[in-house]
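Reader: I'd like to walk through this structure with you, one question at a time. Could you start with any term I'll need?

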Protein chains: 2
Amino acid sequence: MPAAPSYPELAPHMSALRAFLQEQVGAFEPELHGLVIEALAHPGKLLRPTLLFASADNGSAPSDNVVRGAAVVELVHLATLVHDDVLDGADTRHGAATPNRAHGAHAAILFGDALFAHALVLAAELPTPDLCRMVARAAREVCSGEVCQTFSRGNVDLTMADYERHIRLKTAELFAAACRAGAFLAKRSAVEIDSCENFGMRLGVAYQIYDDLVDILQTSDKAGKTLGTDVATGKLTLPLILERQKSGTDAVRIVLSGADPHTVISKETWHACFHRLDAEINAAEAALTPLGDATSANLLKRLSAFLRQASAEAQLRIPQ
Amino acid sequence: MPAAPSYPELAPHMSALRAFLQEQVGAFEPELHGLVIEALAHPGKLLRPTLLFASADNGSAPSDNVVRGAAVVELVHLATLVHDDVLDGADTRHGAATPNRAHGAHAAILFGDALFAHALVLAAELPTPDLCRMVARAAREVCSGEVCQTFSRGNVDLTMADYERHIRLKTAELFAAACRAGAFLAKRSAVEIDSCENFGMRLGVAYQIYDDLVDILQTSDKAGKTLGTDVATGKLTLPLILERQKSGTDAVRIVLSGADPHTVISKETWHACFHRLDAEINAAEAALTPLGDATSANLLKRLSAFLRQASAEAQLRIPQ
């Protein structure tokens, strides 16, 4: 995913989030402190807390509950990253696991579980179960989406509807939950809460489409093991599904068998992909209409504008 | 762990639980239905639902909330089993993983996550966050306890206090949460809720001690890869810790290096272990005093009596 735009207005929010997260170390058993500290040491883009803070922002400093909500969505995301690392690292194609990796995987699976459970503990300390419900549901969808994608590896007949459902589950649901939680915890109106949630859902879909396009596109620029991982793991994404609709299943089959995707995916298909991506970004912004010119609408639109710019830059890489 | 005693009185409860769990299949994405059905097809001893129902029972049929609570604790337990199977199956000592296993591990980790998240979704559908809080906290402790034990593998100096803490975390906290949740969801008094929780905590410790004793004891009766797994994985449990206190660290070291534990652990140490186990069972029963002769006290005592009987039988296996 592209880097996130910078948000000077949210600096106090992020600072409060960092402090809150650091306080959580002590909630774990002493043996886990090192793992927790390490997990928090590389905070990444903090995209989900950014969505939550932006959806909450009504011009004032974030409440304790909003900061707590941001910590919850970030911890859920960190837990999925911990498990993703185990899954991606378990590359039995290229040889046996080292004892070190085997030991790491054991602790990592359980540690990911503990991080996720702690996120729910924090959510359940609020007086109502709403945050728990939003977050647990989104977490279930994230993991279900990943299972679905795992099971559909190598399936050249994956339908567009299934692809759309899988990316909604694995990415957009947690984006949507972060936005909903932010607006909810900031005690905004039902219309505003729904508006933020809808934005998160569409932006999440757009982010994942962008990611999927770049995963294939960048293989024409650079070589490297980590690039083009979707095709390498038999994962059908938007360009191949659209190309299949145009040229038939054989085109997709030869790519999954190892052919360079750029020999198969036409320029027209690439343009159709970016058309779809831009339509999702537009739909995300349209979802914000009920917010008018509220601070949150402007903060959220900076994320969609950033993605639109990244999309424009990626389009320059379409092979001519 | 030993089989559970039969509970004819709880037959309607278990039947309601089975029906409720089956209804959950539809809450998952179609691709996961097979996994969910399979996970529910082999229900095991249902020890945690039994604890929950027994703690709830005030002579009437279980309320919908009580049945939901039983499903939640069972789903959390199933999720940990799914991840345990991945961990135990990842036996890199004996050769590389089959492609089939590698594929299985990927889906299994994510499916365990989804099961756990769904348990929390069910808990969060109640009007208050209490069940979420109990269950999320217990789940965090279970996983933390497992990480602690993983990290302490091969540590011949593991203290008694750390051993006690680890087994409390990995087993007793979820037993205690099941009991607390049952009494809470049945709207019992604060004293009764605490009493049930204390019983669960002590019984959980007793169960884990029993498990740990039998893990070593049964290696004298039978041979088999799955027996004596604690010693094989460098895990120090009660018999070795007590033997170390008597004979010094070298005794423990040679067992972890592969010597037959029965050449090292003395008869006196075995008797001290069972003395400790029986004391925990007695403490569990004493925790029920505030309940008087309520139905739940009698139901719960049947579990402790069952474990006392299993303990007496296991003592007959102490090498003479």
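Author: Happy to! Buried area is the accessible area, taken with a 1.4 Å probe, that two parts lose on being put together, summed over both. One caution as we begin: this is a predicted model.

Reader: With that in hand, how much area do chain A and chain B bury between them?

Author: Carbon and sulfur atoms account for 70% of the buried area. Counting both chains, as the term requires, the total is about 4400 Å².

Reader: Which three residues supply the most of the area that chain A buries against chain B?

Author: No other three residues of chain A give more, and this trio supplies 14% of what chain A buries there. They are A:L87, A:H106 and A:R140.

Reader: How many residues does each chain bring to the contact, and why can we say that the copies meet through the same surface?

Author: Chain A gives 51 residues and chain B gives 51 residues. Of the interface residues of chain A, 100% are also interface residues in chain B, so the copies meet through the same surface.

Reader: What relation do chain A and chain B have to each other?

Author: A rotation of 180° lays chain A on chain B with an RMSD of 0.0 Å, and the shift along the axis is 0.0 Å. Of chain A's residues, A:P129 comes closest to that axis, its C-alpha lying at 2.2 Å. The rotation and shift therefore describe the relation of a two-fold axis.

Reader: How many salt bridges does the rule find across the interface?

Author: The rule asks for a Lys or Arg side-chain nitrogen within 4 Å of a carboxyl oxygen of Asp or Glu. B:R165 and A:E31 satisfy it, with N to O at 2.6 Å. Across the interface of chain A and chain B the count is five.

Reader: Which helix gives the largest share of the side of chain A that touches chain B?

Author: Four helices of chain A each supply at least two residues to that side: α4 (64-89), α5 (99-124), α6 (130-151) and α7 (160-185). The largest share is 16 residues, and it comes from α5(A).

Reader: And how do the residues on that side of chain A divide by type?

Author: Sorting them into three classes, we get 31 nonpolar, nine polar and 11 charged.

Reader: One last thing: are the rings of A:F175 and A:Y207 stacked, edge-to-face or tilted?

Author: A:F175 sits in helix α7 and A:Y207 in helix α8 (residues 190-217) of chain A, 32 residues apart. Their ring centres are 5.5 Å apart and their planes meet at 55°. Stacked needs under 30 degrees and edge-to-face over 60, so the pair is tilted.

Methods:
Residues numbered from 1 in each chain as written. Chains lettered and ligands numbered in written order. Predicted model: local features only at pLDDT ≥ 70, side-chain atom pairs only at ≥ 80, totals over all residues. Heavy atoms only, no water. Contact = heavy atoms within 4.5 Å. Nonpolar A, V, L, I, M, F, W, Y, C, P; charged D, E, K, R; others polar. Least-squares fit on C-alpha atoms with pLDDT ≥ 70 in both. Phe/Tyr/Trp six-rings, centres within 6.5 Å; stacked < 30°, edge-to-face > 60°.
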